[in-house]
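Trainee: I have a structure to go through, and I would like to know the reason behind each label. Can we take them one at a time?

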Amino acid sequence: MNARAAPRPAPARTRPSQLAVHESFLAHRGYLWARVAALVAAGAGLLYALDSPWPRPNGGTALGYGLGTVAAGLIVWLSLLGIRKRRFTDGQWSLKAWVSAHVWLGLALAVVATLHSGFQFGWNVHTLAWALLMGVILSGVWGVILYVRLPRLLSDNRATASERAMAVELADNDRALEAAARPLADREAALVKAAIASPAVGAGLAERLAGRVAQCGTAAALGAIGPSDPALAPLRQLLEVRAALLARIRTNACLKTWLQFWLLVHVPLTLALLAALLAHIVSVFFYW
Ligand code: HEM
């Protein structure tokens, strides 16, 4: 028998793509899109500085048309992210690459569109389109802050437990409270029943965003069952555990609702922008 030692497996090497998995969408491919966006914004700024149209810069000069075409093209492309997000593909044009390009080119668009306007603002559909664009961009910046901060906040809040584990913990607490309430007087039993029956998270948007439940049965039971009666101490302890668990569940729902709420701002503003952009283009070409 050949006594040679079996060849040792080569040390596992981390491929660059594996490293990139943990890279934020902002830093995707070494800030490639930040650099492209900086070039686009700087290029537009340089052309604007070199241009000397008569009587003054505006959207109707040769450069104004050029910048307007780039801005309109970018707006349409940025709007397509909603469709792209719902398709699953990987590789160079992964969703992460799209979002990275979306964010950075979206910021560059603020420069391109403002230079396209030549700073000619007024109470008209053109300025409305520009204002909506700024609104979409600002809401985008807010979205980036949420997307960067929330995953961290969510995992900190959950500590080691997953959402499912928190739900299981709550169900265990329900059962323990039910058992503890059986020998109690009607008043305390009713308080416990109300605590179990009251919703874990608020039903309405306002309650979810605030991370509170206006009429929380657990808080009411804790308020009514004071710490003075030693016979009720085990019940109180279970209610305190429940209150702490509910606080974590509510914070979790609150953070996730903020992300959904953000979409309710960014997307309708995008739709309003597309409508205003169409009105702007139609009015420029047909009613000039
Ligand atoms: C004209 C400019 C822009 C338009 C038209 C636009 C439009 C959109 C649309 C349609 C979506 C997809 C929403 C969905 O259906 O889920 C989206 C997502 C997003 N946008 Fe924008 N956006 C613009 C600018 C920006 C800017 C400047 C930023 C950041 C600085 C930004 C950040 C984001 C983020 C973080 C998402 C979520 C991506 C994800 O879900 O992974 N957007 N945007």
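Mentor: Start with a definition: helices here are DSSP runs of H or I with at least four residues, numbered from the N terminus. Keep in mind that this is a predicted model. By that count, H6 gives the most to the shell around the ligand, with 8 residues.

Trainee: What makes a residue part of the 25 around the ligand?

Mentor: The C-beta atom, placed from the backbone, has to lie within 6 Å of the molecule. Leu 78, Gly 82, Gly 106, Gly 140 and Gly 143 come nearest. Helices H3, H4, H5, H6 and H11 each give two or more residues to this shell.

Trainee: How do the residues of the shell divide into nonpolar, polar and charged?

Mentor: There are 16 nonpolar, 8 polar and 1 charged. Gly counts as polar in this scheme.

Trainee: Why are H5 and H6 called roughly antiparallel?

Mentor: Their packing angle is about 160 degrees. Angles over 145 count as roughly antiparallel, and H5 and H6 therefore get that label. Their axes lie 10 Å apart, and the crossing is left-handed.

Trainee: Which residues of H5 and H6 meet?

Mentor: From H5, they include Val 103, Gly 106 and Leu 107, and from H6, Trp 130, Ile 137 and Gly 140 are among them. The residues of this contact divide into 10 nonpolar, 3 polar and no charged.

Trainee: What share of the chain is buried?

Mentor: Buried means 20 or more other C-beta atoms within 10 Å of a residue's own. Of the 288 residues in the chain, 23% are buried.

Key:
Residues are numbered from 1 along each chain as its sequence is written. This is a predicted model: local features need pLDDT of at least 70, side-chain atom pairs count only at pLDDT 80 or more; totals for chains, interfaces and linings use all residues. Axes are lines fitted to C-alpha atoms, for helices over the stretch in contact, and angles run from 0 to 180 degrees between N-to-C directions. Angles under 35 degrees count as roughly parallel, over 145 as roughly antiparallel, 65 to 115 as roughly perpendicular and the rest as oblique. A crossing is left-handed if the near helix is turned anticlockwise from the far one by less than a right angle, and right-handed if clockwise. Two residues are in contact if their C-beta atoms, placed from the backbone, lie within 7 Å. A residue is buried if 20 or more other C-beta atoms lie within 10 Å of its own, exposed if 12 or fewer, and partly exposed in between; C-beta atoms are placed from the backbone.
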